[in-house]
Amino acid sequence: MTSGQSGRLIGPPIPADAAAYFIDPAYSNVSFSARNRIATSTRGAFRRFAGTLFLDSERPERTALALYVTSSSIDTGEKDRDADLCSAALLDAEQYPLMSFWSSSAEAVDTNLCRLAGSLRVKNMTMPLGVDGEYRGRTRGPQGDERVGFIGRSVLRRSEWGSLWGPVVHAGEWIMGDEVEILFEVSAVKRAPIRWWP
């Protein structure tokens, strides 16, 4: 995790003996949607991100996730709207270039399903966030590398974040409501664990 000022990274506790998988951005997505005033949704994605998934497919409660997203890589398909979202009034991407999520615990819910409890940091605020996780199986990539699929879903309420709350307006139109749905669709490659945080 990074505050955007101190640059200090914080990762999840590494589960003993759990396999480490590095997220492959070329085959992964971090996206969001928020209902707007006319009952449709503003949808977007972050194009630059990195992270690590620790996974034991037979024991979902050992799952851990660290995800780091470049704030300015937000893409809603409209440059002016993206600029509004990156402005100091909302993400303040210039001062806080990274957002992060890292899990602190996991609970097995069903076969291949778990509930991650963790922390989300946006700008200078850190808040708890629960993520519903689903293990999507294991395969081999074109180069013979071992890959796993993982999907995480969550809902962020902007009203709980003082620095993110308030009307989000583009071209005179209200574009983002309180609830923001977040989706992580992850394809991750198995690697020897590297502790890249202190």
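Cys 86 comes out at 18% relative accessibility, so this cysteine counts as buried, the cut-off being under 20%. Cys 114 sits at 4% and is therefore buried as well. A disulfide would be a covalent bond between the sulfur atoms of two cysteines, but the count here comes to zero. All of this is read off a predicted model, as is everything that follows.

Stepping back to the whole chain, there are 13 strands and just one helix to keep track of. Going from the N terminus, six strands come before the helix and seven follow, in the order β-β-β-β-β-β-α-β-β-β-β-β-β-β. Of the 198 residues, 50% are buried. Contacts reach well along the sequence too: taking those with a separation of 6 or more, 61% are between residues 24 or more positions apart.

Now for the interior. In soluble globular proteins, nonpolar side chains tend to be buried together. In this model, the largest nonpolar core takes in 39 residues, and Phe 46 and Phe 184 have the most contacts inside it. Strand β13 supplies the largest share of that core, with five residues. Phe 46 has quite a list of partners once neighbours within four places in sequence are set aside: Val 30, Phe 32, Val 69, Thr 70, Ser 71, Ser 73, Ile 74, Leu 91 and Met 99.

Phe 46 also turns up in the story of the empty space. Rolling a probe the size of a water molecule over the atoms shows where such space is left. Two cavities of 30 Å³ or more are found in the structure, and the largest has a volume of about 380 Å³. Its lining is made of 23 residues, with Phe 46, Met 99, Val 122, Leu 156 and Ile 182 nearest the centre. Strands β2 (29-35), β5 (64-70), β7 (98-110), β8 (113-122) and β13 (179-191) each give two or more residues to that lining. Sorted by class, the lining residues of the largest cavity are 20 nonpolar, two polar and one charged.

Back on strand β2, Ser 31 is worth a look. Its relative accessibility is 19%, so Ser 31 still counts as buried, with the limit set at under 20%. Beyond its neighbours within four places in sequence, Ser 31 touches Gly 44 and Ala 45, along with Glu 181, Ile 182 and Leu 183. One of these partners, Ile 182, is among the residues that lie nearest the centre of the largest cavity.

Terms used:
Residues numbered from 1 in each chain as written. Predicted model: local features only at pLDDT ≥ 70, side-chain atom pairs only at ≥ 80, totals over all residues. Heavy atoms only, no water. 1 Å grid on protein atoms, 1.4 Å probe; cavity = no way out; pocket = protein on both sides within 12 Å on 5 of 7 lines; lining within 4 Å. Points joined across faces, edges and corners; volume = space filled by probe spheres on them. Helix = DSSP H or I, 4+ residues; strand = E, 2+ residues; numbered from the N terminus. Nonpolar A, V, L, I, M, F, W, Y, C, P; charged D, E, K, R; others polar. Buried < 20%, exposed > 50% of the residue type's maximum accessible area, 1.4 Å probe, protein only. Contact = heavy atoms within 4.5 Å. Core = buried A, V, L, I, M, F, W, Y, C linked by side-chain atoms within 4.5 Å. Disulfide = S-S within 2.5 Å.
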